[in-house]
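Work through the exercises below with the structure open beside you. Try each task before reading its solution.

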Amino acid sequence: MSEHKSIPDIENEIVEEFSLFDSWDDKYEYIIDMGKKLPVLDDKYKLDENKVRGCQSTVWLVSDYKDGKVYFKADSDAVIVKGLISMLIRVLSGHTPDEIIQAGLGFIQKIGMTTHLAQTRSNGLLAMVKQMKNFALAYKLRTAAGETK
Amino acid sequence: MIPTNTISKELDVYAIRQQFPALNRKVKGHPLVYFDNAATTQKPQVVIDALVDYYTNFNANVHRGIHTLAEEATAAFEASRDAAKQFINAASREEVIFTRGTTEGINLVAYTWGRKNIQRGDEIIISEMEHHSNIVPWQILCEEKGAILKAVPQQDGVLLMDEYKKLLSPKTKLVSIVHVSNALGAINPVEQIVELAHQAGAVVMIDGAQSSVHLDIDVQAMDCDFFAFSAHKVYGPTGIGILYGKKHLLEAMPVFQGGGEMIKEVTIEKTTFNDLPYKYEAGTPNIADAVVLKAALDFVTETGKEKIRNHEVELLDYATEQLVQIPGLRIIGSAAQKVSVASFVIDKIHPQDIGILLDNRGIAVRTGHHCAQPLMQCYGIPGTVRASFAMYNTKEEIDQLITGLQKAIKMLL
């Protein structure tokens with residue numbers, strides 16, 4: 001189960017999967033496939049407050065905190081972005097706030113998707129990563145505040 | 001019958017392409033197909049050379065030094081103003097002001113003419129197809145002055161002139177309309193817009209960012225009061241543009257920015273301002289790019305605007321013909337008069353996905369709202385895919401776009 005794998009382990013897994021592709025078309029085909037398979041987010045979550053800003057396409061991101069772990073759900077109206085989100089969820093969801101905050105996410109560069117982190121793309125992968133880390137930080141601070149009470 | 005010399009009427013596109021070094025590069029292993037010309041055009045070698053020449057041979061500050069380099073730089077800077085004057089057929093060189101680009105030109109008018117002349121309750125008319133740069137400066141002005149901003153509605157890329165007539169009233173102080181829509185390519189009837197506005201006693205500003213490269217611009221025939229455009233969309237450098245204004249308006253307007261160059265005499269108590277056009281050119285201007293603007297305008301004029309236009313219209317017709325055959329594809333904006341911009345959406349596919357996959361094949365298009373969100377809201381779409389064609393584009397490249405689109409659609413659906 002992916003829950004038991006560490007974030008670096010999952011990152012390595014994705015890098016290995018992408019090493020099988022020689023062409024950009026194949027890489028994108030795979031990302032699009034992941035995007036299509038990402039479970040649809042219930043309409044009740046598709047609110048302005050859940051939108052990730054800085055995206056040319058619309059991205060909704062919601063999080064949940066259970067037993068010390070953060071879980072993410074997300075959706076987008078663009079399928080390549082959905083594929084990218086799907087990978088981020090696979091890597092980050094189900095880990096502790098500290099693990100998420102410290103995640104290096106070097107796999108994005110290793111699979112050649114750094115262009116999506118660039119400001120010019122404005123598809124908000126960067127904004128998405130920031131938002132996920134912000135959620136983790138918020139849960140961490142909330143827990144710490146609870147413990148000191 | 002005397003045979004007409006058709007060769008001279010046609011653009012030798014392959015000779016033209018040789019002059020644009022950027023077109024030789026590859027993107028993701030494919031030869032670049034550059035269809036983002038409405039955002040900015042690539043630069044011909046003469047423009048690149050002119051920039052190098054300026055910094056290599058006569059870089060100096062303008063209007064001040066008495067040394068040779070300063071004289072040469074000043075002469076080139078002012079020759080460029082004359083070239084711009086000719087390009088838009090302004091009545092005098094005093095009416096031609098160097099700016100950073102169209103956006104700064106519009107802001108200059110809003111901050112100077114606008115602040116002086118707009119009062120509480122006055123009305124400013126724009127249209128639904130404006131670029132944000134012809135919306136936001138007027139919103140800021142209206143907010144500051146308690147004035148009202150109104151927008152002429154459009155339908156399928158055509159301004160509704162009857163609605164425009166209804167909006168005009170003695171309260172209308174300014175009309176600021178885009179000559180050619182950046183998102184759709186529609187050409188607006190500016191002469192008629194200006195005439196109607198003048199009848200209502202309003203001043204008219206025309207946003208020429210998209211029109212200057214495609215259409216013959218004659219600000220005197222158009223009779224607009226202000227006209228702004230950017231060099232970088234006319235094969236010139238970024239960071240330089242022109243604001244045209246009628247002399248009597250420019251003379252009566254307050255200054256924009258204070259500093260050197262725009263003054264006649266300064267004491268600690270008071271400053272007298274310089275004459276036109278320097279009154280609006282505070283500080284050391286962007287001399288290099290201003291000088292190079294002439295090379296760009298000369299290049300376009302020498303190539304022949306009509307020839308370029310015929311070629312671009314042919315490309316647009318060819319592209320439109322091919323595009324509409326793609327199942328689920330819908331062209332946005334069906335104005336009869338258009339420049340070479342094809343803006344479209346495809347059922348069930350986000351424009352961004354198309355843009356990413358086309359880039360993968362070396363094809364550069366623009367996707368998104370094109371800084372015209374109110375227009376996209378009219379259509380109820382998040383944005384479009386926009387392919388915009390320039391003098392150096394070919395039908396073969398359009399074929400590649402079509403193949404790229406078909407492949408992208410297959411991957412995405």
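## Exercise 1. Overall build of chain B

**Task.** What share of the 413 residues of chain B counts as buried? Then describe the build of the chain.

**Solution.**
1. Start with burial: 49% of the 413 residues of chain B count as buried. Keep in mind that this is a predicted model.
2. List the secondary structure. Chain B holds 15 helices and 19 strands.
3. Check the packing. The radius of gyration of chain B is 22 Å, close to the 22 Å from the globule rule for 413 residues, so chain B is as compact as a globular protein of that length.
4. Take the extents. The C-alpha trace of chain B spans about 70 × 55 × 50 Å along its principal axes.
5. Look at the contacts. Among those in chain B with a separation of 6 or more, 70% link residues 24 or more positions apart.

## Exercise 2. Two domains

**Task.** Into which domains is chain B divided, and which elements of domain 1 touch domain 2?

**Solution.**
1. Set the bounds. Domain 1 of chain B covers 6–43 + 304–412, and domain 2 covers 49–301.
2. Count the contact residues. Domain 1 of chain B brings 25 residues, and domain 2 of chain B brings 26.
3. Find the elements on the domain 1 side. Those giving two or more residues are α12 (305–323), β16 (341–346), α14 (373–379) and β19 (384–388) of chain B.
4. Sort that side by class. It has 10 nonpolar, 9 polar and 6 charged residues.
5. Add the spacing. The C-alpha centres of domain 1 and domain 2 of chain B are 28 Å apart.

## Exercise 3. The sheet of 4 strands

**Task.** What is the strand order of the open sheet of 4 strands in chain B, and which helix lies across β16, β18 and β19?

**Solution.**
1. Read the order: β15-β16-β19-β18 of chain B, with antiparallel pairing.
2. Mark the edges. β15 (329–331) and β18 (366–368) of chain B each pair on one side only.
3. Take the twist, which averages 30° from one strand to the next.
4. Inspect one pair. β15(B) and β16(B) run antiparallel and are joined by 3 bridges. R330(B) stands opposite V345(B) in β16(B).
5. Place the helix. α13 (residues 351–359) of chain B lies across β16, β18 and β19 of chain B, at about 155° to β18(B).

## Exercise 4. The sheet of 7 strands

**Task.** Which strands stand at the edges of the open sheet of 7 strands in chain B, and why is one side of each left without a neighbour?

**Solution.**
1. Recall the chemistry. Strands of a sheet pair through backbone hydrogen bonds, parallel or antiparallel.
2. Write the order: β4-β12-β11-β10-β9-β5-β6 of chain B, with mixed pairing.
3. Go to the ends. β4 (96–99) and β6 (148–152) of chain B each have a single partner strand, so one side of each has no neighbour in the sheet.
4. Take the average turn between neighbouring strands: 20°, direction ignored.
5. Check a parallel pair. β10 (residues 203–207) and β11 (residues 226–230) of chain B are joined by 3 bridges. M205(B) has F226(B) in β11(B) as its bridge partner.
6. Add the helix. α4 (residues 68–88) of chain B packs on the sheet and touches β4, β11 and β12 (241–245) of chain B. The direction of α4(B) makes about 115° with that of β4(B).

How values were computed: Residues numbered from 1 in each chain as written. Chains lettered and ligands numbered in written order. Predicted model: local features only at pLDDT ≥ 70, side-chain atom pairs only at ≥ 80, totals over all residues. Domains from an automatic or database assignment. Contact = placed C-beta atoms within 7 Å. Nonpolar A, V, L, I, M, F, W, Y, C, P; charged D, E, K, R; others polar. Pairing = 2+ DSSP bridges. Axes fitted to C-alpha atoms, helices over the stretch in contact; angles between N-to-C directions. Rg over C-alpha atoms; globule rule 2.2 N^0.38 Å. Buried ≥ 20, exposed ≤ 12 C-beta atoms within 10 Å, placed from the backbone.
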